[in-house]
Amino acid sequence: MALKIELFHEVLLAKKHQQYDPLKISLLGLIVIAIGLASYYFVELAQKRSAVAAYEIKQKEFERLIPLSKEAKAREDGLNKEIVLAERLNKRIEGRFYWAPVFELVASTVPKNVQITRLGADVTQDAPRTCRMLIDGLAAGVEPRAVAEELRTAIVEKLGQKYKNTTAVFKSLDESNEKALLDGKQVQTAVFSINISFVYVQEQAPAPAPRRKAKS
Amino acid sequence: MKLTKDQTQKIALGALMMIGVVYSYFDFLLGPIQRGRDVANTNSDGLEPQIAAANGQIARVATIEGQSPEAMRIVKQVEAMIPEGSPVAWFPPRLSEFFKKKGIDKVTARVNNDSLDKDYVGYRRVNWGVELPRVDFMSFAAAIAELENEEMLLEIQSLDIEAGRDEAQMQRANLVLSNLVRQ
């Protein structure tokens with residue numbers, strides 16, 4: 001067996017030591033960690049810049065919208081006032097109490113042997129709008145009280161067709177000493193006073209017909 | 001491998017320095033960036049509902065503006081019904097003229113009261129006492145019907161019609177009217 005003598009073993013050992021130098025390995029590790037940390041730093045920095053940029057865009061958008069929004073709010077208030085006023089005016093006009101139909105109905109119930117001497121009436125302003133009337137008159141006939149009663153029932157019937165909760169009650173009904181000339185005959189008369197009350201309910205406008213879809 | 005005392009000290013010092021560097025990195029470099037990012041994100045999130053509210057407000061006005069022409073039309077129509085000037089100056093002559101056309105010559109109208117109505121901003125309510133000393137019931141009723149149709153801002157609140165004492169065919173009428181006029 002040949003004997004091999006390694007004369008460079010010290011050089012080789014030094015090389016090996018230099019190759020696995022802990023300082024060198026540590027430095028390499030530190031460099032790798034430093035690169036990693038620096039990269040992470042830049043990633044974070046980019047994310048922050050992105051977030052700040054997004055915030056600035058929103059801030060600019062919001063600053064652009066603030067005056068528009070304030071203007072819109074003022075306009076909305078103005079328009080709402082106008083719409084509410086228009087609705088109230090419309091409601092007032094539409095919800096008025098018309099006396100002409102009342103006159104027409106009352107006049108149609110008065111026969112020729114009754115004379116109305118006084119008609120007083122008023123209507124409440126708040127809902128339910130109640131109308132109160134007082135009719136004074138003179139009924140003539142063989143049975144003047146019956147004539148007055150016929151008038152009272154006719155008033156209830158006629159007004160009741162148009163208005164709700166119609167009532168008519170005699171405040172007074174007295175036979176009079178005065179005689180009236182009716183169809184050439186002298187007949188008895190009665191003086192009456194009728195209290196009438198009814199509720200006016202505004203008629204609802206009919207719902208608009210549904211729109212037909214245009215044929216394509 | 002056995003470490004010498006010197007090596008152990010170096011390793012300990014290196015470890016301490018490493019800890020210091022890492023702490024400084026996270027606290028002094030990354031910390032402000034992350035806090036800044038979080039603040040930006042929080043502010044950004046806080047702005048979103050405000051932007052949405054502002055956009056909603058603008059959209060709502062656009063919707064209301066779609067409904068407003070009808071309201072404006074009504075208000076303009078009502079304004080057109082009311083003449084300029086003091087109601088005392090124009091309403092009694094207007095009423096007299098109206099009844100004159102209907103054959104009722106004598107009409108007196110006086111202000112009973114005049115009040116602001118908070119429901120009708122820009123308008124006020126005037127109550128009038130109207131006397132018609134000589135009317136025929138049927139023609140008076142026809143005139144009232146026409147008056148109610150022509151004068152849409154006017155409402156008769158109460159009335160009193162009494163048979164005339166001198167002329168059996170004629171009556172005396174008193175009306176209380178409520179009218180809406182400009183403020």
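How many residues of chain A are in contact with chain B, and how many of chain B take part? Select both chains to begin: 55 residues of chain A are in contact with 63 residues of chain B, where contact means heavy atoms within 4.5 Å.

The model is predicted, with local features needing pLDDT of at least 70 and side-chain atom pairs pLDDT 80 or more, while totals for chains, interfaces and linings use all residues. Residues are numbered from 1 along each chain as its sequence is written, chains are lettered from A and ligands numbered from 1 in the order in which they are written, and side-chain values use heavy atoms, leaving out hydrogens and water.

Stay at the interface, where chain A and chain B bury about 5,300 Å² between them, 66% of it on carbon and sulfur atoms; buried area is the accessible area (1.4 Å probe) that two parts lose on being put together, summed over both. Next select A:Arg92, A:Arg96 and A:Phe103, which supply 13% of the area that chain A buries against chain B, more than any other three residues.

Now show chain A alone and colour it by secondary structure: from the N terminus on, its elements run α-α-α-β-β-α-β-β, with helices (H or I, at least four residues) and strands (E, at least two) taken as DSSP runs. The radius of gyration of chain A, taken over C-alpha atoms, is 52 Å, well over the 17 Å that the globule rule gives for 216 residues, so chain A is more spread out than a compact globule; that rule is 2.2 Å times the number of residues to the power 0.38. Along its principal axes, the C-alpha trace of chain A spans about 175 × 45 × 45 Å.
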